[in-house]
Amino acid sequence: LHVGYSNVTLDFLGCSTIHQTAVAVGGIQIGYNGSAFVQVHDVRVTGGSFIGSADGSTASANSVAVNVQTPSGAYSRGVGGSYNIHVDHNSFSGWCISIMGTGVTGYWAEENYSSGNFYVVSVGAGGYGFLCQTCYQVYVSHNRFVAQAAGDRHAIYISCDAAKGSNYQGEDVHVTDNMIDWSTPTNQSGGYEEAMAVRPQKGVTITGNVILGGRNAGIDITTGNTYGDAWNYVISGNSIRSQIANGHQGMGILFLYDSGGALTHGATVTGNVILQDTANGSGLISGIGLASVEDAIVANNSITISDGYGTGIQGANGFQHSTIGPNLLNGSGTAYYGEWFESTGLLDITRIPSQAIGWVSGALRNDAGSAVSSGIVIPGPPGSPAVPFCTGFTPTNGQALEYSTGGSPNPCWTAATPSGGGTVTVVGSGSLTSTALVTGGGTATLQTPSTTATMDASGNISTPGGITTGAGGSAAGAIQLTQGTAPSAGTTAVTLVAP
């Protein structure tokens with residue numbers, strides 16, 4: 001089915017099916033008129049069941065259930081490609097790719113189910129639940145992906161259009177609240193069957209996802225591959241468990257090293273819960289791997305390694321100008337180190353000590369020497385862990401520390417200038433008489449109840465009323481007169497003077 005028009009809704013009403021009968025054809029092609037690309041907008045595909053018959057053969061590489069056609073000419077965000085495309089509440093199985101798009105601006109894939117797709121060995125592609133290539137403003141949320149060993153490679157693949165020539169990166173990508181069971185992916189693509197794979201983008205948010213399994217990594221962040229650098233990634237609040245080693249490693253979150261020098265510039269990795277409780281595959285099973293990334297904050301993550309000879313957090317080649325910690329790092333069984341900083345390629349890493357317990361070889365192994373320095377932490381509120389300074393903490397003379405839950409990482413200490421001020425309300429006459437004695441008038445209020453009860457600059461107190469001592473207490477009232485020079489005797493009053 002070709003969709004060459006805009007403002008189209010294909011609603012299958014939850015009871016209609018597209019059943020592929022030949023492996024070399026797709027299901028729905030959006031932005032295609034039967035012979036060429038045509039730009040369309042505001043197209044929705046919803047409520048359908050898509051059953052493919054792909055078998056992993058070369059012919060089945062074109063087996064895509066829903067595809068937004070690649071623009072025929074130059075394109076960029078909002079220019080040249082199709083836009084405002086929605087694919088939601090569908091189920092997919094048996095294809096090479098369930099949902100795909102290239103050059104799309106505004107692409108929503110929500111509340112779909114995908115399982116049982118096929119990787120095509122001969123072309124090195126396929127087995128994807130969702131694939132976008134150099135797309136802009138992408139939302140992948142509340143979907144469920146389940147791997148079958150026959151051919152599923154990536155549940156979510158945020159990639160680049162290799163044919164674009166330059167400016168490959170997509171922009172503004174959001175992957176949120178998906179359920180991914182990738183415990184049995186295919187093993188035909190060299191051991192790189194990550195649950196989620198992300199190639200260089202500009203602005204990526206990955207939050208609230210639940211990921212089980214994935215060979216090599218649960219979330220794989222890769223730069224380079226001729227696509228260049230990446231910018232501004234936020235990976236937070238994800239639950240990641242039981243990754244599979246590929247003969248070398250298996251990581252919950254992995255920033256992969258690029259030998260060509262490409263980097264991810266700016267990454268916030270916070271509040272993730274990673275549990276490696278099974279020695280799956282062959283190799284180290286670890287929490288977070290950091291390579292080819294700079295200006296990163298890695299804090300407030302909870303990582304538990306109970307088997308697999310792995311580490312909690314590993315810093316490797318290209319990890320630079322970043323702050324790591326504090327994190328909660330629990331090791332048991334054969335888990336090696338809470339943190340391990342390798343010897344090559346690290347630069348300017350500030351390490352804030354984490355709570356690390358149970359590691360067979362110790363909480364810290366630092367082979368990077370002075371490239372890793374100790375940061376400072378200050379206790380937070382009672383019962384909370386140590387809290388680091390906020391990013392960009394640059395106090396000036398006279399400023400104080402202020403506990404903040406609005407900074408990065410969250411929480412953190414920021415610099416604040418004490419105000420030293422406040423306001424009170426005057427009650428009674430509404431003004432304070434000069435030299436008159438002041439008393440409290442209630443919450444945040446003052447008063448001068450008697451304008452003639454005064455104290456002068458020498459400390460002499462004068463009152464038109466009496467003075468009572470011992471009132472309101474159990475001790476007898478008393479008055480004490482200190483020794484000193486006797487004052488002049490008065491003529492109109494009685495004066496008591498100490499001897």
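The following paragraphs lead through the salt bridges, two buried residues and some backbone details of this predicted model.

A convenient place to begin is with the charged residues. Side chains of opposite charge can pair when their charged atoms come close. Across the whole structure, a search finds 8 salt bridges, and three of the pairs are described here in turn.

In one of these pairs, the side chains of D88 and R44 form a salt bridge with an N to O distance of 2.9 Å. The two partners belong to distant parts of the chain, for D88 sits in strand 6 (residues 83-88) while R44 sits in strand 4 (residues 41-51), and 44 residues separate them along the sequence. Their surroundings can be read from the accessible area: D88 has a relative accessibility of 6%, and because buried means under 20%, this residue counts as buried. R44, on the other hand, is partly exposed, with a relative accessible area of 33%.

Another pair brings together D172 and R77, whose side chains meet in a salt bridge at 3.3 Å, N to O. Here too distant parts of the chain are linked, since D172 lies in strand 17 (residues 170-176) and R77 lies in the loop between strand 5 (64-68) and strand 6, 95 residues apart. D172 is partly exposed at 22% relative accessibility, and R77 is partly exposed at 37%. This pair does not stand alone, as R77, E171 and D172 are linked in a network of salt bridges.

The remaining pair to be followed is that of D277 and R241, in which the closest N and O atoms of the salt bridge are 2.7 Å apart. D277 is placed in the loop between strand 27 (273-276) and strand 28 (281-290), whereas R241 is in strand 24 (residues 239-241), so that the pair links parts of the chain 36 residues apart. Relative accessibility is 25% for D277, which counts as partly exposed, and 39% for R241, which also counts as partly exposed.

From these pairs one can turn to two residues of the interior. D220, in strand 22 (residues 217-221), is buried, with a relative accessibility of 1%. Leaving aside neighbours within four places in sequence, D220 is in contact with E194, M196, A197, V198, R199, L254 and L256. I303, in strand 30 (residues 302-305), is buried as well, its relative accessible area being 0%. When residues up to four places away in sequence are not counted, I303 touches I274, G287, I288, G312, I313, L328, L329 and N330. To place I303 in the wider model, one may note that its C-alpha atom is separated by 38 Å from that of N84, a residue 219 positions away along the chain.

The backbone itself offers some last details. G325 and P326 are joined by a cis peptide bond, with omega at about 0°, and P326 is located in the loop between strand 32 (319-324) and strand 33 (328-331). T134, a residue other than glycine, has a positive phi near 50°; its place is in the loop between strand 13 (128-133) and strand 14 (136-141), where T134 counts as buried at 0% relative accessibility. D295 likewise has a positive phi, near 55°, in a residue other than glycine, but D295 is found in strand 29 (residues 293-299) and is partly exposed, with a relative accessible area of 45%.

Technical notes: Residues numbered from 1 in each chain as written. Predicted model: local features only at pLDDT ≥ 70, side-chain atom pairs only at ≥ 80, totals over all residues. Heavy atoms only, no water. Salt bridge = Lys/Arg side-chain N within 4 Å of Asp/Glu carboxyl O. Helix = DSSP H or I, 4+ residues; strand = E, 2+ residues; numbered from the N terminus. Buried < 20%, exposed > 50% of the residue type's maximum accessible area, 1.4 Å probe, protein only. Contact = heavy atoms within 4.5 Å.
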